[in-house]
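Here's a walk through one model, written for someone who would rather look at side chains than read tables. Keep the structure open beside you as you go.

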Amino acid sequence: MERAAQVALAQEMIACALDIPITEMRARTRRRAPVAHARQIAMYLTHVAFGFSLSAVGRYFGRDRTTAAHACRQIEDRRDNRDFDLLLDKLEYAVRAVPVSELPQ
């Protein structure tokens with residue numbers, strides 16, 4: 001349950017920060033490019049901030065391990081952009097700042 005709560009936290013924080021409906025982010029299909037991009041960020045942060053394996057990221061997001069790996073590569077490649085890198089740093093700090101004990105189970 002703790003890991004599912006961490007995934008939900010990442011999804012909700014990214015959806016809120018990027019003004020994407022959470023239902024769109026959690027949809028089984030790709031959706032519009034901004035939604036897919038937000039999902040990629042959430043997958044990346046789940047992997048980096050919470051230490052999930054790429055297989056676990058894929059499983060929790062209803063995607064394949066290779067899709068999770070692709071998402072992480074895409075986001076990592078964009079970190080060369082200073083503004084995007086700063087946004088990711090802030091989002092990572094935010095998801096790490098919530099104590100696991102306070103996440104809904």
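## Aromatic rings

Let's begin with what counts as an aromatic pair: rings of Phe, Tyr and Trp (its six-membered ring) pair if their centres lie within 6.5 Å. Keep in mind, too, that this is a predicted model. Searching the whole structure turns up 2 aromatic pairs. In one of them, Phe50 and Phe52 sit 6.3 Å apart, centre to centre, with 50° between their planes, so the pair is classed as tilted. Tyr60 joins in as well, and Phe50, Phe52 and Tyr60 make up one aromatic cluster.

How buried are the two Phe residues? Phe50 has a relative accessible area of 18%, so it falls under the 20% cut-off and counts as buried. Phe52 is buried too, at 1% relative accessibility. As for Tyr60, its C-alpha is 7.2 Å from that of Ala4, although 56 residues separate Ala4 and Tyr60 in sequence. Ala4 belongs to helix H1 and is partly exposed, with 34% relative accessibility.

## The nonpolar core

Which residues touch the most other members of the largest nonpolar core? Ile14 and Ile41 do, in a core of 28 residues. Two or more residues each come from H1, H3, helix H4 (54-60), H5 and H6. H3 gives the largest share, with 9 residues.

Ile14 is a good place to zoom in. This residue is found in helix H1 and is buried, at 0% relative accessibility. Setting aside residues up to four places away in sequence, Ile14 touches Met25, Ala38, Ile41, Ala42, Leu45 and Leu91. Its C-alpha is 14 Å from that of Asp85, with the two residues 71 apart along the chain.

## Helix H3

H3 runs for 18 residues and covers 25 Å from its first C-alpha to its last, close to the 26 Å expected at 1.5 Å a residue. Why call this helix largely enclosed by the rest of the structure? Because 13 of the 18 residues of H3 are buried. Just after the helix comes Gly51, with a positive phi near 75°.

Ala49 sits in this helix, which spans residues 33-50. With a relative accessible area of 13%, Ala49 is buried. Leaving out residues up to four places away in sequence, Ala49 touches Glu92, Val95 and Arg96. Ala49 and Asp89 are 40 residues apart along the chain, and their C-alpha atoms are separated by 10 Å.

## Helix H6, one side in and one side out

Next up is helix H6, residues 82-97. Its 16 residues should span 22 Å at 1.5 Å a residue, and the end C-alpha atoms are indeed 22 Å apart. At the N-terminal end, Asn81 acts as a cap: one of its side-chain oxygens lies 2.9 Å from the backbone nitrogen of Asp83.

Which residues of H6 are buried? They are Phe84, Leu88, Leu91, Glu92 and Val95. These residues lie on the same side of H6, because they cover an arc of only 100° around the axis. The general spacing rule helps here: an α-helix has 3.6 residues a turn, so residues three or four places apart point the same way. Among the elements covering the buried residues of H6 are helix H1 (2-17), H3 and helix H5 (65-78). Turned away from that buried side is a face carrying the exposed residues Arg82, Asp83, Lys90 and Tyr93.

Two of the buried residues of H6 have already come up in other sections. Leu91 is one of the contacts of Ile14, while Glu92 is one of those of Ala49. Val95, also buried, touches Ala49 as well.

## A loop residue to check

Finally, have a look at Asp19, in the loop between H1 and helix H2 (22-25). Is Asp19 buried or exposed? It counts as exposed, because its relative accessibility is 70%, and the cut-off for exposed is over 50%. The phi of Asp19 is near 55°, a positive value in a residue other than glycine.

Note on methods. Residues are numbered from 1 along each chain as its sequence is written. This is a predicted model: local features need pLDDT of at least 70, side-chain atom pairs count only at pLDDT 80 or more; totals for chains, interfaces and linings use all residues. Side-chain values use heavy atoms; hydrogens and water are left out. Helices (H or I, at least four residues) and strands (E, at least two) are DSSP runs, numbered from the N terminus. Buried means under 20% relative accessible area, exposed over 50%, partly exposed in between (1.4 Å probe, protein chains only). Contact means heavy atoms within 4.5 Å. The expected span of a helix is 1.5 Å times one less than its number of residues. The arc is that of the directions from the helix axis to the C-beta atoms. A polar contact is a pair of N or O atoms within 3.5 Å; within protein, one must be able to donate a hydrogen and the other to accept it, and residues adjacent in sequence count only if both atoms are side-chain atoms. A nonpolar core is a set of buried Ala, Val, Leu, Ile, Met, Phe, Trp, Tyr and Cys residues joined through side-chain atoms within 4.5 Å. Rings of Phe, Tyr and Trp (its six-membered ring) pair if their centres lie within 6.5 Å; planes under 30 degrees apart count as stacked, over 60 as edge-to-face and the rest as tilted.
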